[in-house]
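Thanks for coming. I will take one structure today and go through it piece by piece, with the sequence and the model on the screen.

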Amino acid sequence: MKKMTIDPVTRIEGHQEITTTVENGRVASAKVRGTMARGFEGFLVGRRWMDAPVAVSRVCGVCWHVHAEAANKALEKATGITPTANGRLMRDLTVATHMLADHILHTYFLTGPDWFDVIKAADYQGSNQKMHSILRAVRSSTFGLINSYPQGKYIEDTSVCQAILSHYLEALAVIQKTHSAIALCGSKNPHPHSITPAGVTTEITTEKLAHLSSTLSEVRTFIEEKLLPDALAIAKYFPEHFEFGNGGGTFLANSSCWKPDGSSLFQGGVIINGKHQNFEQRHVKERIDHSYYNQAGEYDANKSGAYTFVKAPRYDGNPMEVGPLARLVVSKDKRFKEIISSLGGEVGSSNMCRLLARGVECLNFLEYCEEVIQYLAQNIHLPFIKKWDPNGNYTGEGWGYGIAARGALMHYYRLENGVIQLANLIVPSTWNFSPENGPAETAMKGLPVTYEGMDSNLEIIRTTHSFDPCMACAIH
Ligand code: NFE
């Protein structure tokens, strides 16, 4: 039996290695490894409780704020502090703007080059000087400047490749706008430090809200006119990817983005065997049989049978796919279903549904942001924070349920006299890239690994990218 290894997997956050066995030109089994250790759950123990949001924001270089927010939610439970309504809305607004930044980044820079061939754009004759300068570099490059060119089918149409490349360049400026939106909400970016369990310390003004609204409307124009059409163009070229990348069909999502009427943008819940269930924490267990940890939770890189630093969270024994697709499926999102149907696909676990879910979800977040901004503008006189004691010697425990671009995010803290005794982070990429037939490993089974008679790992790369891996988060 043949083996294929990809190490390192590039255009991801963190460090990942994939080894597959191949039979008859298809993946028979896959092992996805998180090859790095971090230790956040360990070094949080013994620290003061308000160190947690500040420290966990550093778990990751792309999803900093969402960890701080999940920690805040858990600390609310552990301390009994609650945020003001406006403070809670500002926190969720910051999360929503963060999602936009991440989804644009992923669609163009992390997975985009898996689908379009930049060489096909090389005879560009237009007036965009940025296009000319990058294409000059591409033409003179002896290595893949953007694509790494594994053998395989890419978008052939020159005009489509040129359009996607020009949007790729434009996306840099749009991501900058989303980052300035996060800073407007959270006082600075990355690592907004105005976010507390009691609300936000940022001074919010009608001018700031108007600025935020106009920034996000520019982002919306880009999503509607560039990102979504590009995602649809990719989907039309690769209908087979509605069949590729089935991670098992189980989904988990956290209720997220609270609205002033008490509802939320996304519903929480799980789907197992096609049936919706309410989420219950008691069904979540992290297994370590194939992970480099001993029973005491310490690292053991020599453990027999272990191959990754990622643990294996299971819901009632089931691996669960999390992410934008899981959120839209659990929420039974109508717009998403219509778009998938119009492409001749079906809503389910597949590479293409994951790619399209990011684009569609950007619209959900933008609509949510606009609704919240309007509400806050009319209720700006209400408090964004209340009196609280960051030095309180609280004793208590609690789970905080947040969202991240890559899926459901859970943080747990147990405090005694204001000091953290136990910390447990269950992170989106931990669910998706877990060992023991986790969703990504399952999604790789059956993928074709030859193209015109040559070995090709392209479909494996597209599949791992479809989950938007963050191995820094996964191993935390
Ligand atoms: Ni490091 Fe993260 C997101 C979180 S994924 S990117 O999104 O939480 O595991």
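How do the residues of the shell around the ligand divide into nonpolar, polar and charged? The shell has ten nonpolar residues, two polar ones and one charged one. Before I go on, please keep in mind that this is a predicted model.

So, the ligand site. The ligand is surrounded by 13 residues, and the closest are Cys60, Cys63, Arg406, Cys470 and Cys473. Under the classes used here, cysteine counts as nonpolar and arginine as charged.

Now the metals. The ligand carries an iron atom and a nickel atom, and these two are 3.0 Å apart. Which protein atom is the donor of the iron atom? It is SG of Cys63, at 2.3 Å, and the iron atom has no other protein donor. In the chain, cysteine 63 sits in the loop between helix 2, residues 51-56, and helix 3, residues 64-79.

There are also polar approaches to oxygen atoms of the ligand. For arginine 406, a polar side-chain atom is 2.8 Å from a ligand oxygen. Histidine 67 also places a polar side-chain atom by a ligand oxygen, here at 3.2 Å. With serine 429 the atom belongs to the backbone, an N or O, and the distance to an oxygen atom of the ligand is 2.8 Å.

Next, a hairpin. Strand 14 covers residues 407-416 and strand 15 covers residues 419-426; they pair antiparallel through seven bridges. One bridge to look at is that of methionine 410, whose partner in strand 15 is isoleucine 426. Two residues lie between the strands of this hairpin, and asparagine 417 in the turn has a positive phi of about 50°.

Let me move to the start of the chain. Here three strands make an open sheet, ordered 1-2-3, with antiparallel pairing. At the edges are strand 1, residues 2-6, and strand 3, residues 26-34, each paired on one side only. On average, neighbouring strands in this sheet are turned by 20° against each other, if direction is ignored.

In more detail, strand 1 is joined to strand 2, residues 16-23, by five bridges, and the two run antiparallel. Lysine 2 has valine 22 of strand 2 opposite. Between strand 2 and strand 3 there are eight bridges, again antiparallel. There, glutamate 23 faces arginine 26 of strand 3 as its opposite residue. Strand 2 and strand 3 also form a hairpin with two residues between them, and asparagine 24 has a positive phi near 50° there.

What lies across these three strands? Helix 13, residues 458-466, lies across strand 1, strand 2 and strand 3, and runs at about 135° to strand 2.

There is a second open sheet of three strands, in the order 6-9-10, and its pairing is antiparallel. Its edge strands are strand 6, residues 251-253, and strand 10, residues 275-277, with each pairing on one side only. The average turn between neighbouring strands of this sheet is 15°, direction ignored. Strand 9, residues 269-272, is joined to strand 10 by three bridges and runs antiparallel to it. Isoleucine 271, for instance, has histidine 276 in strand 10 as its bridge partner.

Last, the backbone geometry. As background, most residues other than glycine have a negative phi, and most peptide bonds are trans. Where are the exceptions?

Aspartate 7 and proline 8 are joined by a cis peptide bond, with omega about 0°. Proline 8 belongs to the loop between strand 1 and strand 2. Another cis bond runs from asparagine 189 to proline 190, with omega near 0°. Proline 190 is in the loop between helix 6, residues 158-186, and strand 4, residues 195-196. The loop between helix 6 and strand 4 also holds serine 187, and phi of serine 187 is positive, near 80°.

To go back to the ligand once more: Cys63 gives the iron atom its only protein donor, while arginine 406 and serine 429 each have an atom 2.8 Å from a ligand oxygen. That is what I have; please go ahead with questions.

Terms used. Residues numbered from 1 in each chain as written. Predicted model: local features only at pLDDT ≥ 70, side-chain atom pairs only at ≥ 80, totals over all residues. Heavy atoms only, no water. Near = heavy atom within 4 Å. Polar contact = N/O pair within 3.5 Å; in protein donor to acceptor, adjacent residues only side chain to side chain. Pairing = 2+ DSSP bridges. Helix = DSSP H or I, 4+ residues; strand = E, 2+ residues; numbered from the N terminus. Axes fitted to C-alpha atoms, helices over the stretch in contact; angles between N-to-C directions. Contact = heavy atoms within 4.5 Å. Donors = N, O, S within 2.8 Å, 3.2 Å for Na, K, Ca; no water.
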